[in-house]
Amino acid sequence: METPSAPRTARDFARIELTRAILTRARAQLADVGPGELSVRQIARELGMASSAVYRYFPSRDHLITALLVECYDESGDAVEAAEAGVPRQQLRKRWTAMAHALRDWALDHRHEYALLYGSPVPGYAAPEDTVMPAMRTPQVFLALIADAEKQGAPLGAPTMPVPRKERAALAPIAESVGRPISDERLVRAMMAWPLLIGQLTLELFGHLHKGVLDYDVHFTHLVDRVAGDLGLT
């Protein structure tokens, strides 16, 4: 029998509230100056606190960036997981469509947070192990879908070339992370589809398709549908 946890104290609630306030101001800074210029001292000034008080919650800028990464990966993961889970398991194409559009919707609503996750690396910052599991949430939804397609025997089009042994070895960690059988050809196509999705979102959000694509919604919907066909999702 589990021992009941001790009730939270007023100090506990104050800490939670202040942590939330710090992260909220940090996210506002992402929009104003970007993650590379994130300033704990500026956040302290905006909250009317001494910087030493903020450092008790986040000992350095890097700790604050890590907390932002984890929070944003979890938020996007929540959105993708909820959308994909709302579709019957056998409807592979609709599951893919739901998760792709959920990620885009989250990105459009959180452009600066998306840039933190998928944009240029923050100078001088190395993401710690704490960020790995949150970062894997959305890709794991996609890989589980690909494994389900393999299990259902969803047919792929004819491969354009065989998968080399070196490529198979290169993708071994990803194949192992799924924990279910996926053919080499299907895994390679999945690894083509995922960067295509992230690349499309990045080009759109960062303005690189301006005047080149006249209707982003139509283009994204068509791209997602084309990828579904390539992956054999029906």
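Author: Domain bounds here come from an automatic or database domain assignment. With that in hand, note that this is a predicted model.

Reader: Happy to start there! Into which domains is the protein divided, and how far apart are the centres of domain 1 and domain 2?

Author: Domain 1 covers residues 1-59, and domain 2 covers residues 70-230. The centres are taken over the C-alpha atoms of each domain. Between the centres of domain 1 and domain 2 the separation is 31 Å.

Reader: How many residues does each domain give to the contact?

Author: Contact means heavy atoms within 4.5 Å. By that cut-off, domain 2 brings nine residues to the contact, and domain 1 brings seven residues.

Reader: What area is buried between the two domains, and which three residues supply the most on the side of domain 1?

Author: The area buried between domain 1 and domain 2 is about 660 Å², with carbon and sulfur atoms giving 55% of that. On the side of domain 1, one trio supplies 72% of the area buried against domain 2, more than any other three residues. That trio is R27, L30 and P35.

Reader: R27 catches my eye. Which residue does R27 meet in a salt bridge?

Author: Across the interface of domain 1 and domain 2 there are four salt bridges, and there are also four residue pairs in polar contact. The side of domain 1 that touches domain 2 has four nonpolar residues, one polar and two charged. For R27, a side-chain salt bridge has its N to O distance at 2.9 Å, and the partner is E71.

Reader: Lovely. Now the whole fold: how many helices and strands are there in the protein?

Author: Along the sequence the pattern reads α-α-α-α-α-α-α-α-α-α-α. The C-alpha atoms fill a box of roughly 65 × 60 × 35 Å along the principal axes. The count for the protein is 11 helices and zero strands.

Reader: Where does UniProt place the "domain: HTH tetR-type" feature, and how much of that stretch is helix?

Author: The unreviewed UniProt entry places this feature at residues 16-76. The end C-alpha atoms of residues 16-76 are 22 Å apart, and strand makes up 0%. Helix accounts for 79%.

Reader: And which residues does the "DNA-binding region" annotation cover, and how far apart are the ends of that span?

Author: According to the unreviewed UniProt entry, the "DNA-binding region" covers residues 39-58. In the model, residues 39-58 are 75% helix and 0% strand. The end C-alpha atoms of this span lie apart by 12 Å.

Notes:
Residues numbered from 1 in each chain as written. Predicted model: local features only at pLDDT ≥ 70, side-chain atom pairs only at ≥ 80, totals over all residues. Heavy atoms only, no water. UniProt positions renumbered as here; feature names shortened; annotations may be inferred. Helix = DSSP H or I, 4+ residues; strand = E, 2+ residues; numbered from the N terminus. Buried area = accessible area lost by both parts, 1.4 Å probe. Polar contact = N/O pair within 3.5 Å; in protein donor to acceptor, adjacent residues only side chain to side chain. Nonpolar A, V, L, I, M, F, W, Y, C, P; charged D, E, K, R; others polar.
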